[in-house]
Amino acid sequence: MRRALLLPLVTVLAGCDVDFQGWAGMKQQPKALPYRENQFFADDRAMRQPPPGTVPRSRRGQNRLFLTGRTALPDAGTQVDAGYTDEIPLTLTREVVESGEKSFEIYCATCHGVLGDGQSQVARNMGLREPPSLLELPPYPNGYYYVVISEGYGLMPSYAEKLTPGQRWAVVAYVRALQASQRARLEDVPPEARPLLMKGGTP
């Protein structure tokens, strides 16, 4: 009876942080800790990046362009652009653009300004580099904006953990609408909407 009771105890102790009959404790076993050096790898970093082009298992079967913003993947280990898509892989509706506006105002307007012109209190207090005006950027394709939101750029962090791929594309759609609205002329507005616009309304 005693032996039957001792066997589970021995098994439990073998997994604890004590040395029991030659068993090394769990805390002493070789392992890679976050943000630590590891000379096994060429870059001496324990934390590894996933291989280029990989996506979570839960997203298998989804369109690669939708997930990456590229028509093809860049070369491994380089920054060579293999082709940003100029497509927004969503059915663009007013609801989609308005959802992009909501996400933009939560995550982007803090630095880029409500109008996307780079004018904000946070931007004025940035000492290293002010966020650029989204209205004055070169004619980048839509996939470029998606990749920047997904991966970050310069001092801007990645928002992939906060925005789903669909939400990121909605932000891209709203940025395009924002750019068009800030550059539009009265002649570009449909004649039936001009009177309301002149009164300061929203068509």
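**Getting to know a seven-helix model**

Modeller: Let's start with a pair of helices: α3 and α6 are roughly perpendicular to each other. Keep in mind that this is a predicted model.

Biologist: Okay, at what angle do the axes of α3 and α6 cross?

Modeller: Two packed helices are described by the angle between their axes and the distance between the axes. Here, helix α3 covers residues 94–112 and helix α6 covers residues 165–183, and their axes come within 7 Å. An angle of 65 to 115 degrees counts as roughly perpendicular. The crossing of α3 and α6 falls under that heading, at roughly 90 degrees.

Biologist: Which residues of α6 meet α3?

Modeller: Take the α3 side to begin with: Val96, Val97, Ser99, Gly100, Glu101, Ser103, Phe104 and Cys108 are the residues that take part. Their partners in α6 are Ala170, Val171, Ala173, Tyr174, Val175, Ala177 and Leu178.

Biologist: Stepping back, how many helices and how many strands does the protein have?

Modeller: Read the elements from the N terminus on and you get α-α-α-α-α-α-α. That comes to seven helices and zero strands.

Biologist: And what share of the protein's residues counts as buried?

Modeller: For buried, a residue needs under 20% relative accessible area. The accessible surface of the whole protein comes to about 14,800 Å², with 56% of that belonging to carbon and sulfur atoms. Of the 203 residues, the buried share is 26%.

Biologist: How many residues of helix α5 are buried?

Modeller: Helix α5 spans residues 142–151 and is mostly covered. The buried ones are Asn142, Gly143, Tyr144, Tyr145, Tyr146, Val147, Val148, Ile149 and Ser150. Out of the 10 residues in α5, that's nine.

Biologist: Which helices do those buried α5 residues pack against?

Modeller: Try serine 150, which lies in α5, as a way in. Leaving aside neighbours within four places in sequence, serine 150 is in contact with Ser158, Tyr159, Ala160 and Arg168, and α6 runs over residues 165–183. For the buried residues of α5 taken together, the packing partners are α2 and α6.

Biologist: Why does serine 150 count as buried?

Modeller: The cut-off is under 20% relative accessible area. Serine 150 is buried because its relative accessible area is 12%.

Biologist: Is aspartate 86 buried or exposed?

Modeller: You'll find aspartate 86 in the loop between α2 and α3. Its relative accessible area is 56%, and a residue over 50% falls in the class we're after. So aspartate 86 is exposed.

Biologist: How far apart in space are aspartate 86 and glycine 143?

Modeller: Along the sequence, the two are 57 residues apart. Still, aspartate 86 touches Pro141 and Asn142, not counting residues up to four places away in sequence. C-alpha to C-alpha, aspartate 86 and glycine 143 are apart by 5.9 Å.

Biologist: Which residue has a positive phi although it is not a glycine?

Modeller: Glycine 152, just after α5, has a positive phi of about 85 degrees, but we want a residue that isn't a glycine. Look in the loop between α1 (2–14) and α2 (64–68). There, with a phi of about 65 degrees, sits aspartate 44.

Biologist: Last one: how big is the nonpolar surface patch with Leu186 in it?

Modeller: Leu186 shares the patch with Leu197 and Met198. Leucine 197 lies in helix α7 (residues 194–198) and is partly exposed, at 34% relative accessible area. Together the three make a patch of about 290 Å².

Key: Residues are numbered from 1 along each chain as its sequence is written. This is a predicted model: local features need pLDDT of at least 70, side-chain atom pairs count only at pLDDT 80 or more; totals for chains, interfaces and linings use all residues. Side-chain values use heavy atoms; hydrogens and water are left out. Patches are made of residues with over 30% relative accessible area and no salt bridge: like charges are joined within 9 Å, nonpolar side chains (Val, Leu, Ile, Met, Phe, Trp, Tyr) within 5 Å. Accessible areas come from the Shrake-Rupley method with a 1.4 Å probe; for residues, only the protein chains shown count as cover. A salt bridge is a side-chain nitrogen of Lys or Arg within 4 Å of a carboxyl oxygen of Asp or Glu. Helices (H or I, at least four residues) and strands (E, at least two) are DSSP runs, numbered from the N terminus. Buried means under 20% relative accessible area, exposed over 50%, partly exposed in between (1.4 Å probe, protein chains only). Axes are lines fitted to C-alpha atoms, for helices over the stretch in contact, and angles run from 0 to 180 degrees between N-to-C directions. Angles under 35 degrees count as roughly parallel, over 145 as roughly antiparallel, 65 to 115 as roughly perpendicular and the rest as oblique. Contact means heavy atoms within 4.5 Å.
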